[in-house]
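Q: Hi! Could we go through this model together, starting with the fold and then moving to the DNA?

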Protein chains: 2
Amino acid sequence: MTLKDLARELGVSTATISNAFNRPDQLSPKLREHILSEARRLGYSGPDARARSLRTGRSRIIAVVLAETLTYSLNDAVASELLSGIAEVLDTRGHTLLLLSGRQNAASVPGASSIADGFIIYGLMPSLTLFSDLPPERPLVAVDFDIEDHATVHVDNEPACYAIARHALRTPTRRPAVINLRLTEQPCNGRIDGDQALLSSKRTITRARLAGFQRAFVEAGIDPAEVPMWNIEENTFEVCTPVIEEILDLPEAERPDLLLCMSDRIALTVVTLAEQRGLRIPEDLRLTGFDGIAEGQYRAPRLTTVRQDSTEKGRIAARMILGMEPAESRVMATEMMIGDTCP
Amino acid sequence: MTLKDLARELGVSTATISNAFNRPDQLSPKLREHILSEARRLGYSGPDARARSLRTGRSRIIAVVLAETLTYSLNDAVASELLSGIAEVLDTRGHTLLLLSGRQNAASVPGASSIADGFIIYGLMPSLTLFSDLPPERPLVAVDFDIEDHATVHVDNEPACYAIARHALRTPTRRPAVINLRLTEQPCNGRIDGDQALLSSKRTITRARLAGFQRAFVEAGIDPAEVPMWNIEENTFEVCTPVIEEILDLPEAERPDLLLCMSDRIALTVVTLAEQRGLRIPEDLRLTGFDGIAEGQYRAPRLTTVRQDSTEKGRIAARMILGMEPAESRVMATEMMIGDTCP
DNA sequence: GCTGCTAACTAAATCGTTCCAGTCCATCCT
DNA sequence: AGGATGGACTGGAACGATTTAGTTAGCAGC
């Protein structure tokens, strides 16, 4: 049952059927009423989206391209919040959300995705080839990384990390350390060498976070090169665990008494594993996180962290894509939250 | 730049271009090579998905219709796991995932969604009108509820809840209680009357869970009608909190010493609020959850719960939609996990 | 009765592909 | 040599809508 069938059945032109569904002012109310009721009766459920999108060039679909696998992103609190902010705005404007993973098979993405009216890219590195394969001429907003000639949204990573590190360093520390997230270019889950990591990194946000930490170290009279660093490859409990065990199981003289973590997931894993070892927080070990996810605030000890409003970040990206606000480069403010893990 | 433009430019037919992209065996390797490289050079990034989907009738897009708002679903661990299972299978088969919310504006869903090749419906009640508006003749799998004439996937809710309640009731209890999740037809966040809730409920899964609990009560010589029940409207910390505070702040003589919770989120909220009140678990209060989410197993006390493999549930639903396995009614097994909250 | 205007509707081109049914030509078989 | 075979490529009709540029019919104004 197509629009054409219906037109023939009712003895009107296809244009009239189309107008009945799309432009009520173009035909008399009673004819429209008649068409709609007959359509229902004959089992015609409105214009086919595929044909419509071909003809009009718009699908009311916005694609979100996620750097990581969908499996990871959907289980990550920060990515989920971002998505829900995006979904919220799209929903109210009658658009829907297509999820694409950039990592799995970048090659196949563009083909499937050229159906979307716009693209929100989250956490990809600019170098990814996928990037250039996206259909040109369609709006594109990058979230959490910078790319030339396109709108971007992210938080003030460097100042935020500077501020929280400064806070942490106000209390004397014998052995501070940093746990980075996906900082290195080559995958590496464990201890890393500072200089090398910084030089090779293209991950702009984690790099900015580290820069903030290091500025605070310098200011506190600590040589950043002396601060031990570890790197975490994926922001999950499972991947964090071995690295953090390695840290916590160091001989007491070498074990850090302050851990600056690049995410709340890392910080929460530290809390869990420290509790298991009978380490007291913050007496034996102080730590800070980043993100401000809900899970970190439910139970004691509440994380000392930087709260970023990922939901709002998603809303902004969505509004930019829909042209509800100017698509320009935008930096969001964060908020430091002093919890129990580093008073 | 369209396929036709490219054909004219290269002096070949459109069919040949199409074949170059879709059916390599239909033309000589060198011509294909030539076409692909010229396409790249001229900025043609492959067949347009909109036109292709009209012509072929397939879009390689599967829609997931979520009963709740997208915002809620994306932040809920169980829904996220389901989605990641779905995404995982779709991804490997070159399909993508369109997210639709059934709750927000059911009316607008069908129009936008008729682009999808198939539908996975999660947690909707059969009565929803949206249901009948979905394009007919396209595969549909229901997850976590039953609907006639369509494939369904869910876990063995009744036996699982019977088993865990039986386990809990082996230790003598003075005042057991049940915290339901979205059991009542009318929204109600607080204490409910047992009979009324059961009679009016169309939520098949929560109803099955309650039935399991009640079977165990009867077997243990407890009159289910005497067991106090509460209802939670949304599976979030914020919505759970006031109800659970009400329960925990009851005079000690009335306060339950065993709480059978219908979700891990509820159980975790109980743990958090009980800790704040200095209640010892399990000495002062024993409790069980349902779902087996990761968050409930990280930190002490680990939840005693029923683990359902939501990721696998998603995988199965996706495989059914893609025709990789027979689309029939399927009940998955669960696994009881004895944690610290109810040894 | 003629003109002009508007509301209501229609005819037909178009969107960018896919794919069926050929056409053409070189090679192979007998 | 003549017919059969098959590989390589083409023409053109769909797919199901939207939209522009009309064509009517009805009516008011003079």
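**The sheet, then the DNA**

A: Chain A has an open sheet of 5 strands in the order 7-8-6-9-10, with mixed pairing. Strands (E, at least two residues) and helices (H or I, at least four) are DSSP runs numbered from the N terminus, and two strands pair if DSSP finds at least two bridges between them.

Q: Which strands stand at the edges?
A: Strand 7 (190–192) and strand 10 (286–288) of chain A; each has a single partner strand, so one side of each lacks a neighbour in the sheet.

Q: And how does strand 9 of chain A join strand 10?
A: They run parallel, joined by 3 bridges. Leu258(A) stands opposite Arg286(A) in strand 10 of chain A.

Q: Is this predicted, and how is it numbered?
A: Yes, it is a predicted model: local features need pLDDT of at least 70, side-chain atom pairs count only at pLDDT 80 or more, and totals for chains, interfaces and linings use all residues. Residues are numbered from 1 along each chain as its sequence is written, chains are lettered from A and ligands numbered from 1 in the order written, and side-chain values use heavy atoms, leaving out hydrogens and water.

Q: On to the DNA: how many residues surround strand D?
A: 26, with Leu3(A), Ser18(A), Asp48(A), Arg55(A) and Thr16(B) the closest; near means a heavy atom within 4 Å.

Q: Which element supplies the largest share of that surface?
A: Helix 4 of chain A, with 5 residues.

Q: What does Ser18(A) do there?
A: A polar side-chain atom of Ser18(A) lies 2.5 Å from a phosphate oxygen of DNA strand D.

Methods:
A polar contact is a pair of N or O atoms within 3.5 Å; within protein, one must be able to donate a hydrogen and the other to accept it, and residues adjacent in sequence count only if both atoms are side-chain atoms.
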